[in-house]
Amino acid sequence: MSEATTNIIEARNLRKTYRMGRVRVNVLKGVDLSVREGEWLCVLGASGSGKSTMLHLLGGLDRPDRAGADGGGPGSITYGGKDLRKISAGELNRYRNREVGFVFQFYHLLPELRVLENVTIGAMIRHGRFGYRGAAKREAIDSARELLTAFGLADRLRHRPTELSGGERQRVAIARALVNRPRILLADEPTGNLDRVTGESIIETLAETRERLGLTVVMVTHDERIAARAERVVRLRDGVLARDGFAGAATAGGA
Ligand SMILES: Nc1ncnc2c1ncn2[C@@H]1O[C@H](COP(=O)(O)OP(=O)(O)OP(=O)(O)O)[C@@H](O)[C@H]1O
Ligand SMILES: [Mg+2]
């Protein structure tokens with residue numbers, strides 16, 4: 001790995017505890033992770049190991065604990081030199097809406113909207129009800145069309161999600177995640193709801209898109225075969241990340 005590679009996100013000592021009444025669940029117990037600009041990183045881990053929790057923290061959708069239950073100090077998530085814990089609500093919003101895009105297992109498309117509207121909705125939200133017009137609107141629609149065309153969906157812009165296959169729906173969801181042209185794509189089991197062949201085609205789409213747009217991709221999966229496609233694999237277990245490794249090494253042994 002080149003010395004010149006910069007980290008786009010650095011997470012240090014991330015802890016996350018959920019409280020359900022009197023019960024405390026320590027999900028993340030001090031996660032350290034550096035994501036390099038432009039890399040394709042895969043996070044493997046058993047169900048319930050905290051993969052989604054970690055992705056939500058990285059994307060600013062949720063906040064880590066202030067300090068460890070065991071007295072360990074507070075963690076940090078740094079993006080572009082700034083600690084996400086210390087920026088204003090406005091800056092955090094900007095981070096969530098502009099710098100990262102999210103893709104989920106179950107697409108989360110809005111059934112009453114057409115494909116094009118499902119993709120531009122992020123831009124609509126970003127500009128607000130009264131700002132989404134003129135050049136801003138044209139720019140979002142151009143961006144959406146460009147992505148949907150690259151994903152083979154140019155003739156589906158006016159369809160509703162229910163008229164699409166699972167793989168097509170996931171492509172729409174990926175276009176939605178990218179419409180604001182974020183630098184980082186966070187994907188939580190993007191193939192988890194698809195058959196093997198369709199899942200592979202989604203991975204292919206992600207790989208091509210990452211290459212074309214110079215994206216950084218952090219993908220969560222519990223499928224070792226899918227993980228093997230990434231450049232680097234880390235494994236979440238017992239609340240911490242196993243030492244960074246490359247796909248071949250990390251999947252060997254499986255211990
Ligand atoms: N909002 C919440 N409140 C309470 N507990 C939660 C919450 N979200 C997650 N958990 C718990 O935290 C643990 C980790 O959940 P998480 O969803 O991050 O796991 P995961 O690795 O993504 O699992 P899967 O592979 O099944 O998606 C689980 O025990 C879960 O029950
Ligand atoms: Mg999950």
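How many aromatic pairs does the structure hold? The count comes to two, in what is a predicted model. One of them joins phenylalanine 102 and phenylalanine 104, whose rings are stacked, with 5.5 Å from centre to centre and 5° between the planes. The two partners fall into separate burial classes: phenylalanine 102 has a relative accessible area of 12%, so it counts as buried under the 20% cut-off, whereas phenylalanine 104, at 22%, is partly exposed.

Now to the ligand site. Ligand 1 is surrounded by 13 residues, and the closest of these are Ser47, Gly48, Lys51, Ser52 and Thr53. Sorted by class, the shell has seven polar residues, four nonpolar ones and two charged ones. As for secondary structure, strand E1 (7-20) and helix H1 (51-58) each put at least two residues into the shell. The top contributor is H1, which gives three residues.

Several oxygen-centred contacts can be picked out around the ligand. The side chain of serine 47 places an N or O atom 2.5 Å from an oxygen atom of ligand 1. Threonine 53 does much the same job with its side chain, where an N or O atom sits 2.6 Å from a ligand oxygen. With serine 49 it is the backbone that takes part: one of its N or O atoms lies 3.2 Å from an oxygen atom of ligand 1. On its own, ligand 1 would expose 640 Å², and the protein buries 61% of that area.

Backbone geometry turns up a couple of residues worth a look. Most residues other than glycine have a negative phi. Histidine 108 goes the other way, with a positive phi near 55°. This histidine belongs to the loop between strand E6 (100-103) and helix H3 (115-131), and its relative accessible area of 47% makes it partly exposed. Arginine 181 also has a positive phi, again near 55°. Its loop runs between helix H5 (166-178) and strand E7 (184-188). At 35% relative accessibility, arginine 181 is partly exposed as well.

Last comes threonine 205, a residue of helix H6 (residues 196-213). Is threonine 205 buried or exposed? It counts as buried, because its relative accessibility is 9% and the cut-off for that class is under 20%. Leaving aside residues up to four places away in sequence, threonine 205 touches Phe151 and Arg171.

Definitions and conventions. Residues are numbered from 1 along each chain as its sequence is written. Chains are lettered from A and ligands numbered from 1 in the order in which they are written. This is a predicted model: local features need pLDDT of at least 70, side-chain atom pairs count only at pLDDT 80 or more; totals for chains, interfaces and linings use all residues. Side-chain values use heavy atoms; hydrogens and water are left out. A residue is near a molecule or strand if one of its heavy atoms lies within 4 Å of it. A polar contact is a pair of N or O atoms within 3.5 Å; within protein, one must be able to donate a hydrogen and the other to accept it, and residues adjacent in sequence count only if both atoms are side-chain atoms. Accessible areas come from the Shrake-Rupley method with a 1.4 Å probe; for residues, only the protein chains shown count as cover. Helices (H or I, at least four residues) and strands (E, at least two) are DSSP runs, numbered from the N terminus. Ala, Val, Leu, Ile, Met, Phe, Trp, Tyr, Cys and Pro count as nonpolar, Asp, Glu, Lys and Arg as charged, and the others, Gly among them, as polar. Buried means under 20% relative accessible area, exposed over 50%, partly exposed in between (1.4 Å probe, protein chains only). Contact means heavy atoms within 4.5 Å. Rings of Phe, Tyr and Trp (its six-membered ring) pair if their centres lie within 6.5 Å; planes under 30 degrees apart count as stacked, over 60 as edge-to-face and the rest as tilted.
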